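Please open the model in the viewer and keep the selection panel at hand. The tour proceeds by selections, each followed by a short account of what is found there.

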Amino acid sequence: MKVPLLDLKRQYQTIKPELDAAILNVMAHTQFILGPEVKQFEEKAAAFCGTKHAIGVASGTDALLLALRVCGVGPGDEVITSTFSFFASAGVVSRLGAVPVFADVAPKTFNVTAEQIAKKVTSKTKAIMPVHLYGQTADMDPIMELANSKRIPVVEDAAQAIGAKYKGRKAGTIGRFGCFSFFPSKNLGGLGDGGMVTCNSDGDAELVRKLRVHGSKPKYYHSLVGYNSRLDTLQAAALSVKLKYLESWTEGRRKKASRYNQLLAGLPVEIPFEPEYNHHIYHQYTIAAPKRDDLRKFLTEREIGTEIYYPLPLHEQECYASLGYKKGSLPVAEKRAGEVLSLPVFPELAEGEQDFVAASIREFYRD
Ligand SMILES: *Cc1c(COP(=O)(O)O)cnc(C)c1O
C-alpha cells in the first residue's frame, strides 16, 4: 500500500468547486497585486488569530525578514533562535547583516527554551525568535518574561503553528510579531508561496505594510528601502476559501495523531509529547526512533512516505561554519537530529493507511 507523507490532491477534491470559482474570479477582475481578496483575507486571518493586524506578504521567510527589520535588526546585531528549525529562521537574520545565535531545544518538545535562550543573551541581542516546531508552541511565558526583563522584542516563527494554542492563546499573538507561512505543505497552504505577519501595534503594522511595497507611502515616495513582498491576490483568494476549513482540518490531524499514539504504544519509539498547556496542530507527527535511518529505509521500501525535519541543526550547517560552533555545543538538537522521523499525517489520511504505517513500524522492531 502506497501511503504518501502528504497528499494535497485529496484536499483539493473536497473544495474544488469553491476554490476554482475563487481563482477564476480573480482572473476575471485582474487585480492581481493587492486586489480586494488580500484585504478580505487579512481581516479573516486577523480574526482567526485574534490579533489587531494581519499583513499578507510573499512568503513565511519574508514575514520573518520584515518583522525583524521593524525590530531594527541590522549589521552588528544578534538574534537568538532555535538551532532545530528550518533554515529560514537563521537565513533572514544573516540577510539583514546580523548574526544568528543558536540556542538548544528541550528534548521532549524539540522547542527552544527560555533557559537555553538566557545563556545566549548579550548586549548585542536585538530580537529573540522562538520557533514553534511541528505545530506546537515553545513554552512562551518564561521566554516572554526573559525578553521583557531585557526589553528585547520577540518575533514568533509560527510558520508551522497556525491555530496552535499556548495556555489558550493562539500561536503568533504572544510576541511583538507572529510570522506565518502559506507554503503549500503547511497546515494552511496556498497554491504557491505566501506568508503573513501578525501584530497588535498600529505603528508596527504600518511599517510592515510599507516595507512590503518597497518602503513607499504614498506610492513612489520612499521613506525607507523596502522589498517587493506582497501576498498575491490569487493566493489570498485561495487562502480565504481554505481558512474556513482550517479548524476542522486541525481536528482531523489531532485525531490522526491520537490514533497513532495508540497504534504505536509499546514500541521503542517516542511519540510526540504535548504538554497540557499546549494545543498542538500536528503540522508534523514526529517520532524519535532508535535505528531511525534503517526504519526510514524499511518504510520507504513499503512505499510509506516519511521525512526528517531536520537532519542537521542550523549551527552545524556549512554556511555557518565561520560562527565557530563546536560539535557537542548544542547537544540535544545534535542528538535529536539523528532520531526524528515524521510520519504521514493529514486530515484525509485513511485509517487503513495509518494502520499500515503503524503495522510496518511494529514489523521493523520485531525483526
Ligand atoms: C516553512 C517555514 C518557514 C519559511 O516559510 P516559507 O513560506 O517557505 O518562506 C520559516 N520557518 C519555519 C519554521 C518553517 O517551517
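Two strands count as paired when DSSP finds at least two bridges between them. The model is a predicted one, and the tour begins with its strands.

**The sheet around S2**

Select strand S2 (residues 78-82) together with S3: the two run parallel and are joined by five bridges. To locate one of these positions, highlight Glu 78, whose bridge partner in S3 is Val 99. Now add strand S4 to the selection. The result is an open sheet of three strands in the order S3-S2-S4, with parallel pairing. Strand S3 (99-103) and strand S4 (125-129) are the edge strands, each pairing on one side only. On average, neighbouring strands of this sheet are turned by 25° against each other, direction ignored.

**Strand S8 and its partners**

Move next to strand S8, residues 177-181. Is this strand mostly covered or mostly open? Strand S8 is mostly covered, five of its five residues being buried. Colour the side chains by direction: Phe 177, Cys 179 and Ser 181 point one way, Gly 178 and Phe 180 point the other way, and all are buried.

Add strand S5 (residues 155-157), which pairs with S8 in the parallel sense over three bridges. Here Val 155 has Phe 177 of S8 as its bridge partner. Then add strand S9 (residues 195-199), which runs antiparallel to S8 and is joined to S8 by four bridges. In this pairing, Phe 180 stands opposite Met 196 of S9.

**A nonpolar surface patch**

Select Leu 24, Met 27, Phe 32, Ile 33 and Leu 34 and display the surface. These residues form a nonpolar patch with about 470 Å² of accessible area together. Within the patch, Phe 32 lies in the loop between helix H1 (8-29) and helix H2 (36-49). Phe 32 counts as partly exposed because its relative accessibility is 38%, and the class runs from 20% to 50%.

**Two contrasting helix positions**

Select Glu 145 in helix H6 (residues 140-150). Glu 145 counts as exposed, at 60% relative accessibility. Measure from its C-alpha atom to that of Ala 114: the separation is 8.6 Å, although the two residues are 31 apart along the chain.

Then select Gln 354 in helix H11 (residues 351-366). Gln 354 is buried, with a relative accessible area of 0%. A polar atom of the Gln 354 side chain lies 2.7 Å from the backbone oxygen of Lys 256.

**Salt bridges**

Side chains of opposite charge can pair when their charged atoms come close. The model contains 23 salt bridges. Start with Glu 274 and Arg 254, whose closest N and O atoms are 2.9 Å apart. Glu 274 is in the loop between helix H8 (233-263) and strand S10 (278-279), and Arg 254 is in helix H8, 20 residues apart. Glu 274 is partly exposed at 26%, as is Arg 254 at 22%.

Continue to Arg 259 and Glu 351, which meet in a salt bridge of 3.7 Å, N to O. Arg 259 lies in helix H8 and Glu 351 in helix H11, so this pair ties together parts that are 92 residues apart in sequence. Glu 351 is partly exposed, with a relative accessible area of 49%.

Finish with Lys 335 and Glu 339, joined by a salt bridge of 3.1 Å, N to O. Lys 335 counts as exposed at 52%, whereas Glu 339 counts as buried at 17%. Extend the selection to Glu 270 and Arg 336: salt bridges that share partners join Glu 270, Lys 335, Arg 336 and Glu 339 into one network.

Technical notes. Residues are numbered from 1 along each chain as its sequence is written. This is a predicted model: local features need pLDDT of at least 70, side-chain atom pairs count only at pLDDT 80 or more; totals for chains, interfaces and linings use all residues. Side-chain values use heavy atoms; hydrogens and water are left out. Patches are made of residues with over 30% relative accessible area and no salt bridge: like charges are joined within 9 Å, nonpolar side chains (Val, Leu, Ile, Met, Phe, Trp, Tyr) within 5 Å. Accessible areas come from the Shrake-Rupley method with a 1.4 Å probe; for residues, only the protein chains shown count as cover. A salt bridge is a side-chain nitrogen of Lys or Arg within 4 Å of a carboxyl oxygen of Asp or Glu. Buried means under 20% relative accessible area, exposed over 50%, partly exposed in between (1.4 Å probe, protein chains only). Axes are lines fitted to C-alpha atoms, for helices over the stretch in contact, and angles run from 0 to 180 degrees between N-to-C directions. A polar contact is a pair of N or O atoms within 3.5 Å; within protein, one must be able to donate a hydrogen and the other to accept it, and residues adjacent in sequence count only if both atoms are side-chain atoms.
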